[in-house]
Amino acid sequence: MMKPEIFNSLKDYTLKKFASDLSAGVIVGIVALPLAIAFAIASGVAPAQGLYTAIIAGFIISLLGGSKVQIGGPTGAFVVIVYGVIQQHGVSGLIISTILAGIMLILLGIFKLGVLVKYIPYTIITGFTAGIAVTILTTQIGDFFGLTTGPMPGDFIGKIKTYVETFNTLNPYALVVAIVSFVLITIWPKISKKIPGSLVVIVAVTIITQILELPIDTIGSRYGAIPTSLPMPQLPEINWNMLRDLFSPAISIAILAAIESLLSAVVADGMIGTKHNSNMELIALGIANIIAPLFGGIPATGAIARTATNIKNGGRTPIAGIIHAVTLLLVMLIFGRYAVYIPMATLAAILVSVAINMAGIPAIKALCKGQKSDISVLVVSFLLTVFIDLTVAIEVGLIMAAYFFIKKMIDLSSVRAINNIKNKNTENTQEATEYIIPEGTFVFEITGPLFFGTIQKFEQATAFLGNEFKVLVLRMNNTTYLDAGGIHVLEQLFDSCKARGITLLVSEILTQPYILAMKSGLTKKIGEDSFVGSFKETLDRAKTICDNV
């Protein structure tokens, strides 16, 4: 049923649950503050746009979503796409592509296609996630070292070239601030897990750098003042050419938002023992990505780290997510003016830490110990994300994964001629029944799927069938799948047998192949009585036919 989870959660809502949600929501709101600013800057937009996204999209995702504990907002996954769109089409292009992505997400949810996201191979997800992590890392090198780079190119090679050319502008004060910030972020969890390290670092380092009056870039010196109120919604100018150009990045935003949000919801389900509504989650995500851009927001999705923080601090209903958004709004209204003093080097250190955690190095190491096909998909997805484009990475990764899957199915399938068979009894593996093939009967046993990728094997195996046989038996008890190509080759085989006076019998056909054979008219063409249940009955029938010829 398409109903936001908040309605179910409020049925038995208590003051105790509210106290728990309130505590978790406030903590997550504080955690989300530096991340929202950092992700916005890394994406090439103003810091305030990250805050608008976390507030508006976070509120909508919690209010209308299909998960009890999902926390929505900007994430590092979008940095690559957003930065590229901004470079090519400006802020208006980003707004349009995000709205288009929101419409796509709503359609995915309405047509209940949320489950399809789960079929994207793990190797592709791991590859492009690692690629995004590397891209985030490369966008922060300049601020980490305090380089004076000027406008940055959008491509990976261009960024590296710019850093090399401007490395002589290194600011030692910024580098020290970045290193100290990174070390503090790394060791802080050993001191306290309740207070977020990123927030501690921002507050402490900002105060120290202001006291010492260090000559380093801050949010204020780079971007100016942080607004202390939400902007009025504005519709961008839209034309057909822009819609056409932005359709591809919109698809990338939609796919990435769906993948990350549903993965986050699955992780959350495992942590609290619930089950989310994936289609309702996609609809909420779509609405959030339509409304937030109108207020200057950037793409949003479910954030795994913030969702886990919510759960660990006691959040159990969507009220916690709503409180998280309200907390961010209050912080922006009251303390937004002080955000201008945050050093860019500290934000760079936070994003470097995010990139390292996001890279999934343990998962990559595990995959690299596996089969070569998985490694190939992983490497290609990673390289294409870094050097070309995330959309291309997903498309090529899916094509490669599909190719390797089809190849495996072909390798697993077989069509063999047999003279006699021993069938083991499933209840007693010591017993076996031997089937003797009657004279004048030829038996083919098909193992695995009979589809467009394996029909060549079938054609090669049946090509040498001579006229000396009166009955051809196809044993299909291990034919797990049949498609239109398989139906066509079976029709050709029947026509060939009929022309030579050979009777075709099909034995032990499984449910899916039989249903397709009926729908396609194959059973009617061959004859319903030619489809026999057990293999013994089929051989008895073949013997009778041969004896009567």
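This is a short walk through some helix packing, a few buried residues and two odd backbone angles in a predicted model.

Okay, ground rules before we start. The model is predicted, so local features need pLDDT of at least 70 and side-chain atom pairs count only at pLDDT 80 or more, while totals for chains, interfaces and linings use all residues. Residues are numbered from 1 along each chain as its sequence is written, and side-chain values use heavy atoms, with hydrogens and water left out.

Let's begin with helix pairs. Helices here are DSSP runs of H or I with at least four residues, strands are runs of E with at least two, and both are numbered from the N terminus. Take α2, residues 15-42, and α13, residues 318-335: they pack at about 45° with their axes 7 Å apart. That makes the pair oblique. For the bookkeeping, angles under 35 degrees are roughly parallel, over 145 roughly antiparallel, 65 to 115 roughly perpendicular, and the rest oblique. Axes are lines fitted to C-alpha atoms, for helices over the stretch in contact, and the angles run from 0 to 180 degrees between N-to-C directions. The crossing of α2 and α13 is right-handed, meaning the near helix is turned clockwise from the far one by less than a right angle; anticlockwise would be left-handed.

Who is touching whom? On the α2 side you have F18, D21, L22, G25, V26, V28, G29, A32 and L33, and they meet I319, A320, I323, H324, T327, L328 and V331 in α13. Contact means heavy atoms within 4.5 Å. By class, that contact has 11 nonpolar, four polar and one charged residues. The classes are Ala, Val, Leu, Ile, Met, Phe, Trp, Tyr, Cys and Pro as nonpolar, Asp, Glu, Lys and Arg as charged, and the others, Gly among them, as polar.

Next pair: α7, residues 172-191, with α14, residues 344-358, at about 45° and with axes 8 Å apart. Oblique again for α7 and α14, and the crossing is right-handed. The α7 side brings A174, V177, A178, S181, F182 and I185, and α14 brings A345, T346, A349, I350, V352, S353 and I356. The tally for the contact of α7 with α14 is 10 nonpolar, three polar and no charged.

Now two single helices. Helix α19, residues 484-499, has 16 residues and reaches 23 Å from its first C-alpha to its last, close to the 22 Å expected at 1.5 Å a residue. That expected span is 1.5 Å times one less than the number of residues. Its buried residues are G485, G486, I487, V489, L490, L493, F494 and C497, where buried means under 20% relative accessible area, exposed over 50%, and partly exposed in between, with a 1.4 Å probe and protein chains only. As a reminder on spacing, an α-helix has 3.6 residues a turn, so residues three or four places apart point the same way. The buried residues of α19 pack against α18, β7, β8, α20 and α21.

Helix α16, residues 372-387, also has 16 residues, and its end C-alpha atoms are 22 Å apart, in agreement with the expected 22 Å. Buried in α16 are S373, V377, L378, S381, L384, T385 and V386, and they pack against α4, α5, α6, α15 and α17.

Some buried individuals, then. E5 sits in helix α1, residues 5-9, and is buried at 10% relative accessible area. Leaving out residues up to four places away in sequence, E5 touches G65, G66, S67, K68 and P318. Q49 is in α3, residues 47-64, and counts as buried because its relative accessibility is 13%. With that exclusion again, Q49 touches V91, G296, G297 and I298. The C-alpha atoms of Q49 and E5 are separated by 28 Å, with their positions 44 residues apart along the chain. G197 is in α8, residues 197-212, and is buried at 14%. Beyond four places in sequence, G197 touches I185 and W188.

Last, the backbone oddities. Which residue between α4 and α5 stands out? K112, in the loop between α4 (79-110) and α5 (122-145), has a positive phi of about 55° although it is not a glycine. K112 is exposed, at 55% relative accessible area. E508 also shows a positive phi of about 55° without being a glycine, and E508 lies in the loop between β8 (503-507) and α20 (511-520).
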